[in-house]
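Open the model in your viewer and keep the sequence panel beside it, so that each selection can be followed in both places. The tour moves from single residues to larger parts, one stop at a time.

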Amino acid sequence: MNRITEKLKDGGKLLSIYFTAGYPQLEDTVSIIEELERSGVDMIEIGLPFSDPLADGPTIQESSTAALRNGMSTALLFEQLKGIRNSVKIPLIIMGYFNPVLQYGVEEFCLKCAEIGIDGLILPDLPLDVYQEQYEEIFKKHGLLNMFLITPQTSDERIRQIDEASEGFIYMVSSASTTGAKSGFGPEQQQYFERIGSMQLKHPQIVGFGISNAETFDQATQRAKGAIIGSAFIKFLTREGKKNIDKFIKSIKVPA
Amino acid sequence: MSYNVDEKGYYGQFGGAFIPEMLYPNTDELRRQYIEIMEAPDFQEEFRQLLRDYVGRPTPLYFAKRLSDTFNTKIYLKREDLCHTGAHKVNNTIGQILLAKRLGKNRIIAETGAGQHGVATATVCALMGIECVVYMGEVDIARQAPNVARMKMLGATVKPATSGSRTLKDATNEAIRDWINNPVNTHYIIGSVVGPHPYPDMVARFQSVISEEVQQQLIEKEGTPNPDYVVACVGGGSNAAGLYYHYLDNPEVGIIAVEAAGKGIHTGESAATSALGKVGIIHGSKTLLMQTGDGQITEPYSISAGLDYPGVGPMHANLYTSGRGEFISITDKEAMEAGLLVSKLEGIIPAIETSHAFAIFDHRSFKPEDIVVFNLSGRGDKDLQTYIDYFKL
């Protein structure tokens, strides 16, 4: 069974961490993944950097630019991740924009992911209909789950449609914003969390955007299965480097 | 087969809406409503009236006698340079501001490179009393000071795009990010036939007034609505889309698209997307774009700020790959000299973007009886400093 599907069956709330591959240093990718697992993270999104990340705020834009300047590329990321499954057991997801995947070749990209032991992909600008018409078969053949996003603006009807098409979890964007734009949740988010919670979707939801500490993690996971931290973790890496990653993680979620 | 958009928003294999879910409600709202709104009689009445009384349409179709004599063919100039604000851009911004009002939006955002679309957007926002924010790359703000000042005088807020290469593509990214953060009250006025569906089609429809007028004007002058060729410069491609629109599926009319080769196609400093681009995704559209082998979007170069976009509208990508359009790339040098020639022969100083189109005579010839319509898409006032520096005037 896919590691994501298996992990989602766990009793507890899940903490997932996003970071940009090749940042702060080009060779940091594997050691950050290993350190995150040791610190008790449940799932990792490995960010494939892109020159024009239009859904991201300044933090992830800057980490992506820095990673590309460091020399990160799709081919190099795959090279770095070779053998990762000798040490890392938790689900690994590659998250990025569609163009680099398209240039690598979707089939070839999926094949590489399968060889390495990647469990799923999040490609926010690959639309649902295009995925279903052109790529779903390829993803499935290589055992990759494709996770879709919903936002507070997504209609109930579309959420049901996305739920039907989903595998693994639904990536629940907490507010109408780019990444790292807002911290903390207001009544609007609480209402949205309630609304989605009461829809009784088939797939569990993992909340992303706006989570930066224990308080926001708890708020986000009241009704949802888990939460993703991206920008706040990258800011931490920028500030403190790779040391004390476990301190950051344990400040958010005490390991079960 | 049609060269116009299909019902799913594609031109052949190009187009679509490759956008994150955060933008889905915005573009979906537009997609569902744009045609109905645009075709409503009261919209058409208001749009046509503003084009006539405010923009100054119809713009003349002028027979350029001295230019025709020089190149031994019949050259007509569609005088979009005479539009209010100095270029065709305003045709689209008038249309989109009226559409935004009908969608109940009270805030407008736009991206701009050289500043022409920013000025055209700030103008219509002033006209309608609507808040306007224009994103412009930090680099472009520094080199296009007069247009920045114009936007400010018109009441717009100019926000610098400080990410990436700090030019047009980054200004577009910033505008898209603003739209993600303000999905309910804001309409994004894209300035070219780029972006996710329905933008390429919507902008092309607003600009199609150009070829609609050419058809009528040519009947008066030549007894036929059809020229032998229509010629336009292409950056994103909105002036070209406007000139081609009513001729797309008319095989009697040849389509010529002129791109900026910059310092030369193979110098690494070029904006000739058809020659250098590969299929990919930029700003929500599947099209030809300049990128690395790894799929990172690269920064184009042209002496003309209006042509240095790394992609091209999906309509044009399809015209290129299908062979329906003939694509020619013109270097900075050729364009500047052609601009000077048109100035001296016709008393019209064209925008440098437009000057590229006039440089095709070194690359192809026409028969003496051919009717060749050029889109004179903008006037050269904004480029005076570049002309001065180049020719040491």
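Begin by selecting Asp56 of chain A, and look at what surrounds it in this predicted model. Asp56(A) counts as buried because 28 C-beta neighbours lie inside 10 Å, where 20 or more is the cut-off for that class. In the chain, Asp56(A) sits in the loop between β2 and α3 (58-70) of chain A. If you leave out residues up to four places away in sequence, the residues that Asp56(A) touches are Gln61(A), Thr178(A) and Thr179(A).

Now add Glu45(A) to the selection, since the UniProt annotation "active site", from an unreviewed entry, covers both Glu45(A) and Asp56(A). Glu45(A) belongs to strand β2 of chain A, which spans residues 43-47. Is Glu45(A) buried or exposed? With 26 C-beta neighbours inside 10 Å, Glu45(A) counts as buried. Residues up to four places away in sequence again set aside, Glu45(A) touches Ser16(A), Tyr18(A), Ile93(A), Met95(A), Ile122(A) and Ile228(A).

Next, show chain A and chain B together and look at where they meet. The contact takes 32 residues from chain A and 26 residues from chain B. On the chain B side, α1 (24-39), α8 (168-181) and β11 (278-282) each supply at least two residues, and the largest share, six residues, comes from α8(B). Colouring this side of chain B by residue class gives 12 nonpolar, 10 polar and four charged residues.

Stay with chain B and colour it by domain. The assignment gives domain 1 as 18-51 + 89-203 and domain 2 as 58-87 + 208-391, so select each domain in two pieces. The C-alpha centres of these two domains of chain B lie 23 Å apart. Where the domains touch, 31 residues come from domain 1 of chain B and 29 residues from domain 2 of chain B. On the domain 1 side, the elements giving two or more residues are α4 (89-102), α5 (116-128), α7 (145-153), α8 and α9 (199-207) of chain B, and by class that side has 15 nonpolar, 13 polar and three charged residues.

From here, select Lys89(B), which is placed in helix α4 of chain B. The unreviewed UniProt entry puts the feature "modified residue: N6-(pyridoxal phosphate)lysine" at Lys89(B). Lys89(B) counts as buried, because 28 C-beta neighbours lie inside 10 Å. Which residues is Lys89(B) in contact with, leaving aside neighbours within four places in sequence? They are Gln116(B), His117(B), Ala120(B) and Gly191(B).

For the last stop, display the strands of chain B and find the open sheet of six strands in the order β3-β4-β14-β9-β10-β13, with mixed pairing. The edges are held by β3 (61-63) and β13 (325-331) of chain B, each with a single partner strand, so one side of each is left without a neighbour in the sheet. From one strand to the next, the twist averages 25°. Within the sheet, follow β9 (residues 229-233) and β10 (residues 254-262) of chain B, which pair in the parallel sense over five bridges, and note that Val258(B) in β10(B) is the bridge partner of Cys233(B). Finally, add two helices of chain B that lie across β10 and β13: helix α13 (residues 314-322) runs at about 105° to β13(B), while helix α14 (residues 332-346) runs at about 90° to β13(B).

Notes:
Residues are numbered from 1 along each chain as its sequence is written. Chains are lettered from A and ligands numbered from 1 in the order in which they are written. This is a predicted model: local features need pLDDT of at least 70, side-chain atom pairs count only at pLDDT 80 or more; totals for chains, interfaces and linings use all residues. Two strands pair if DSSP finds at least two bridges between them. Helices (H or I, at least four residues) and strands (E, at least two) are DSSP runs, numbered from the N terminus. Axes are lines fitted to C-alpha atoms, for helices over the stretch in contact, and angles run from 0 to 180 degrees between N-to-C directions. Two residues are in contact if their C-beta atoms, placed from the backbone, lie within 7 Å. Ala, Val, Leu, Ile, Met, Phe, Trp, Tyr, Cys and Pro count as nonpolar, Asp, Glu, Lys and Arg as charged, and the others, Gly among them, as polar. UniProt positions are given in the numbering used here, feature names are shortened, and annotations may be inferred rather than shown by experiment. A residue is buried if 20 or more other C-beta atoms lie within 10 Å of its own, exposed if 12 or fewer, and partly exposed in between; C-beta atoms are placed from the backbone. Domain bounds come from an automatic or database domain assignment.
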